[in-house]
Amino acid sequence: MRSVRVDLDEASTAKLVDALSVIAAELAGRDAPDSAAACLELTETLVAASDMQESALASFIGRVDAAGEQARWGYPSTQAWLRSRLGMRDGRAKERLVLARQRHRLPQVAERLAAGDLSYGYAAAVADSVVRLDDTDCAEAEATLLGFVEQGFSAGKVAAFGRRIRDLIAERDGTEDAPDEDTKRGYDKSWLTTTRSLDGGRYVNGWLNPEDAAIWDGTLAPLAKPAGPDDRRDLAERTAAALSSVLSGGHKASKVTVICDLETLTGGNAPGRLADGTPIPAAQARRIALAAGVSPLLLGRGNTPLYLGYRERFASAAQRQVLETLYSSCAVRGCEVPGALCEVDHVHGWALGRSPTDIDQLALTCGWHNRFKHANPDRIRISKDPNGRYVYRLLPPRDVGVPRATSPPADLDRAA
């Protein structure tokens, strides 16, 4: 019989996680006791322990999310990492991510969850309820919802109370009755407003009149449909991906020209620029120049144009049809973006025509991984499966070893 000895006062967090992994493996391999009463009691004890583990898990996920560590490993979002790397269902991944992001605003919930005085289900319900509340309302909502917990209401009921609190706050602030943008502007003309976020993204809001809405539906609706039973994205995510695919138009036409020196494209430090004169750092210019929907205008000495990317670098409609047949999703292993929403990638890089636009030199990758591949060529291992499809495998960053999820437990003080 094996045993695990860990000095709780001296053990590191990694040591504790390894010990827990060994104990869990041992427990999973045992048969349940014959006594149903004993199983009931053990179940309650095990679930309570699992809830306390969720507290630690929320802390770990929160640190990964805040630092953006998942992007270094090749995952476009923390939720994608939880789904692809850890095999979580989409709903559970979202739930854990919300708790990880909100726990610092919910001190009572965090403390009670860690102490085993609050179940994970209640903690997740409260966290979801305060996502859109400011800090003052969040504190009051936390106290109110924990009061309902003390009264014995179920986690589902607490979640319903949380939704009602959000509605009451909206009524108090008058946000429900305030005229929205389309009411103030009228409904005859379409309009869009965009606001850039601090991390470089954009918030989009707007209104489409019936004619433009018909174009929107006819163009995006077919692309925004679920790709199959394993497509776990919600409608909002699928619509955003469809819009990005249409706007990039990488397989149809060149929309942007990046002007840079030949040396810049081949590794130099001289900045590039857009046609309107906007300067672009060299590394970013190289990445953009190789992206879908962009033509690089290369300049020699004296700013003499040497080369303008030819449109034949974009795959034809027939080639896309073949590729979408071969690739039901992004070529990156574990990425679930449907092939219909992916960009055509020149497997060995298109720069200066080194890789022809031939069907056996092309693959489909989502926009995020297409950019990741060109920015981190040493982080992708490319191979072919028995059916001739390219398979891209993500490699860990150079400054870390094999991720703990795939490595055996660290040495523990075991006795046979």
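The legends below describe close-up views of a predicted model of one protein chain.

**Figure 1. Overview of the protein chain and its 16 helices and 13 strands.** The predicted chain has 416 residues, of which 34% are buried. Among contacts between residues at least 6 apart in sequence, 54% join residues that are at least 24 apart. The surface that the chain exposes comes to about 24600 Å², and carbon and sulfur atoms supply 54% of that area.

**Figure 2. The surroundings of His-369 in helix H16.** Helix H16 spans residues 367–375 and includes His-369, whose relative accessible area of 3% falls under the 20% limit, so that the residue counts as buried. The side chain of His-369 reaches the backbone oxygen of Gly-74 at a distance of 2.6 Å. Gly-74 also appears among the residues in contact with His-369 once neighbours within four places in sequence are left aside, and the others in that list are Pro-76, Cys-330, Val-332, Cys-335 and Leu-394.

**Figure 3. The salt bridge between Arg-72 and Glu-69 in helix H3.** The closest N and O atoms of Arg-72 and Glu-69 are 2.8 Å apart. Both residues belong to helix H3, which covers residues 69–72, and they are separated by three residues in sequence, or about one turn of the helix. Arg-72 has a relative accessible area of 30% and is therefore partly exposed, while Glu-69, at 23% relative accessibility, also counts as partly exposed. Side chains of opposite charge can pair when their charged atoms come close.

**Figure 4. The salt bridge of Arg-83 with Asp-90, and the network that includes both residues.** The side chains of Arg-83 and Asp-90 meet in a salt bridge with an N to O distance of 3.0 Å, and both Arg-83 and Asp-90 are buried. These two residues are linked with Lys-94, Asp-234 and Glu-336 in a network of salt bridges. A search of the whole structure finds 14 salt bridges.

**Figure 5. The salt bridge between Asp-385 and Arg-389.** In this view, the closest N and O atoms of Asp-385 and Arg-389 lie 3.1 Å apart. Arg-389 has a relative accessibility of 27%, a value between the limits of 20% and 50%, and so counts as partly exposed.

**Figure 6. The aromatic cluster formed by Phe-148, Phe-153 and Phe-161.** A search of the whole structure finds four aromatic pairs. In the pair made by Phe-148 and Phe-153, the ring centres are 5.8 Å apart and the ring planes stand at 85°, so this pair is classed as edge-to-face. Phe-153 is partly exposed, with a relative accessible area of 29%, and together with Phe-148 and Phe-161 it forms one aromatic cluster.

**Figure 7. A nonpolar surface patch made by Trp-216, Leu-243 and Leu-247.** The patch formed by these three residues has an area of about 280 Å². Leu-247 is placed in helix H12, which runs over residues 235–248. Because its relative accessibility of 56% is over 50%, Leu-247 counts as exposed.

Note on methods: Residues are numbered from 1 along each chain as its sequence is written. This is a predicted model: local features need pLDDT of at least 70, side-chain atom pairs count only at pLDDT 80 or more; totals for chains, interfaces and linings use all residues. Side-chain values use heavy atoms; hydrogens and water are left out. Helices (H or I, at least four residues) and strands (E, at least two) are DSSP runs, numbered from the N terminus. Buried means under 20% relative accessible area, exposed over 50%, partly exposed in between (1.4 Å probe, protein chains only). A polar contact is a pair of N or O atoms within 3.5 Å; within protein, one must be able to donate a hydrogen and the other to accept it, and residues adjacent in sequence count only if both atoms are side-chain atoms. Contact means heavy atoms within 4.5 Å. Patches are made of residues with over 30% relative accessible area and no salt bridge: like charges are joined within 9 Å, nonpolar side chains (Val, Leu, Ile, Met, Phe, Trp, Tyr) within 5 Å. Accessible areas come from the Shrake-Rupley method with a 1.4 Å probe; for residues, only the protein chains shown count as cover. A salt bridge is a side-chain nitrogen of Lys or Arg within 4 Å of a carboxyl oxygen of Asp or Glu. Rings of Phe, Tyr and Trp (its six-membered ring) pair if their centres lie within 6.5 Å; planes under 30 degrees apart count as stacked, over 60 as edge-to-face and the rest as tilted.
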